[in-house]
Amino acid sequence: MTQDSARDNTQDGMMAGLTLSLSGRLDPDEVKQIHGELRAFNERFTAPYDLRDLQVTVRDADGALMAGLTGYTNWEWLYVDYLWVHDGRRGGGLGARLLAAAEAEAVKRGCRWSRLYTYDFQAPGFYRKQGYTVWAEMEGYPPGHTQIWLRKALRRDGE
């Protein structure tokens with residue numbers, strides 16, 4: 001018996017009586033259980049989750065969305081998931097105002113840091129101007145480009 005087939009037999013033994021399924025669609029109930037189980041495991045080693053969503057928006061006089069930021073806070077970190085400004089409103093400071101509002105709220109929630117990612121064709125210079133520094137880059141994602149991870153201290157230790 002080769003080492004590979006022995007490994008396969010071990011895996012088969014671990015799968016006895018189980019069915020592996022793959023789907024291109026998420027089942028909300030299963031996602032909830034998966035997240036809940038992992039959260040319970042993590043909280044045996046960490047502080048409890050204090051995950052709270054955060055959204056900042058800017059609308060024009062007619063109520064049309066002109067800019068927005070979504071993210072969340074957890075474990076003393078702000079995570080900026082999306083920051084978008086309407087093409088016709090870029091360069092006017094809306095992005096900086098959205099980010100500043102999110103950071104201020106994060107500090108009120110006890111956050112000490114912020115993290116986010118952007119792409120080389122999006123806004124890495126914008127985030128650097130807001131005080132963010134690069135801590136990781138992933139070349140080839142998306143193909144031909146680079147995903148750039150940035151972070152920022154929102155307050156110093158003891159503040």
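# Asking how we know

From the N terminus on, the protein chain runs α-α-β-β-β-α-β-α-β-β, and the model is a predicted one.

Me: How many helices and strands does the protein chain have?
Reply: Four helices and six strands.

Me: What makes the protein chain more spread out than a compact globule?
Reply: Its radius of gyration is 21 Å, while the globule rule gives 15 Å for 159 residues. The value is well over the rule, so the chain counts as more spread out than a compact globule. For a feel of the dimensions, the C-alpha atoms fill a box of roughly 70 × 40 × 35 Å along the principal axes.

Me: And how much of the protein chain is buried?
Reply: Buried residues make up 24% of the 159 residues. The accessible surface comes to about 11,600 Å², and carbon and sulfur atoms own 52% of that. As for contacts with a separation of 6 or more, residues 24 or more positions apart account for 51% of them.

Me: Let's go inside. Which residues touch the most other members of the largest nonpolar core?
Reply: Leu69 and Leu78, out of 19 residues in that core. Strands E1 (52-59), E2 (65-74), E3 (77-85) and E6 (146-153), along with helix H3 (94-108), each supply at least two of its residues. H3 gives the largest share, five residues. As a general backdrop, nonpolar side chains in soluble globular proteins tend to be buried together.

Me: What does Leu78 touch?
Reply: Leaving out residues up to four places away in sequence, the list includes Leu54, Tyr72, Ala102, Ala106, Cys111, Trp113 and Leu154. Polar and charged partners are there too, among them Thr73, Glu103, Ser114 and Arg115.

Me: Why is Leu54 called buried?
Reply: Buried means under 20% relative accessible area. Leu54 has 6%, so Leu54 is buried. Leu54 sits in strand E1, and its contacts beyond four places in sequence include Leu69, Tyr72, Leu78, Ala102, Glu105 and Arg109. For a distance across the fold, Leu54 and Leu150 are 96 residues apart in sequence and 19 Å apart in space, C-alpha to C-alpha.

Me: Where is there a nonpolar patch on the surface?
Reply: At Met15, Leu18 and Leu20, which together have about 330 Å² of accessible area.

Me: What makes Met15 partly exposed?
Reply: Partly exposed covers the range between the 20% and 50% cut-offs. Met15 has 34% relative accessibility, so it counts as partly exposed. Patch residues need over 30%, and the 34% of Met15 passes that cut-off. Met15 belongs to helix H1 (residues 3-15).

Me: Now charges. How many salt bridges does a search of the whole structure find?
Reply: Five. In general terms, side chains of opposite charge can pair when their charged atoms come close.

Me: Why is the pair Glu76 and Arg112 called a salt bridge?
Reply: The cut-off is 4 Å between a side-chain nitrogen of Lys or Arg and a carboxyl oxygen of Asp or Glu. The side chains of Glu76 and Arg112 meet at 3.5 Å, N to O, so the pair qualifies under that 4 Å limit. This pair links distant parts of the chain, 36 residues apart: Glu76 is in the loop between E2 and E3, Arg112 in the loop between H3 and strand E4 (113-119).

Me: Buried or exposed: what is Arg112?
Reply: Buried, because its relative accessibility is 18% and the limit is under 20%. Its partner Glu76 has 34%, so Glu76 counts as partly exposed.

Me: Which other side chains meet in a salt bridge, say with Asp87?
Reply: Arg90 pairs with Asp87 at 2.8 Å, N to O. Asp87 has 57% relative accessibility, so Asp87 counts as exposed. Glu43 and Arg39 also meet, at 3.4 Å; Glu43 is partly exposed at 29%, and Arg39 is partly exposed at 34%.

Me: What is there to say about phi at Trp75?
Reply: Most residues other than glycine have a negative phi, and most peptide bonds are trans. Trp75 isn't a glycine, yet its phi is positive, about 50°. Glu76 also has a positive phi, near 70°. Trp75 lies in the loop between E2 and E3, and Glu76 is found there too. At 32% relative accessibility, Trp75 is partly exposed.

Me: Which peptide bond is cis?
Reply: The one from Tyr141 to Pro142, with omega near -5°. Pro142 lies in the loop between strand E5 (133-139) and E6.

How values were computed:
Residues are numbered from 1 along each chain as its sequence is written. This is a predicted model: local features need pLDDT of at least 70, side-chain atom pairs count only at pLDDT 80 or more; totals for chains, interfaces and linings use all residues. Side-chain values use heavy atoms; hydrogens and water are left out. Patches are made of residues with over 30% relative accessible area and no salt bridge: like charges are joined within 9 Å, nonpolar side chains (Val, Leu, Ile, Met, Phe, Trp, Tyr) within 5 Å. Accessible areas come from the Shrake-Rupley method with a 1.4 Å probe; for residues, only the protein chains shown count as cover. Buried means under 20% relative accessible area, exposed over 50%, partly exposed in between (1.4 Å probe, protein chains only). A nonpolar core is a set of buried Ala, Val, Leu, Ile, Met, Phe, Trp, Tyr and Cys residues joined through side-chain atoms within 4.5 Å. Contact means heavy atoms within 4.5 Å. The radius of gyration is taken over C-alpha atoms; the globule rule is 2.2 Å times the number of residues to the power 0.38.
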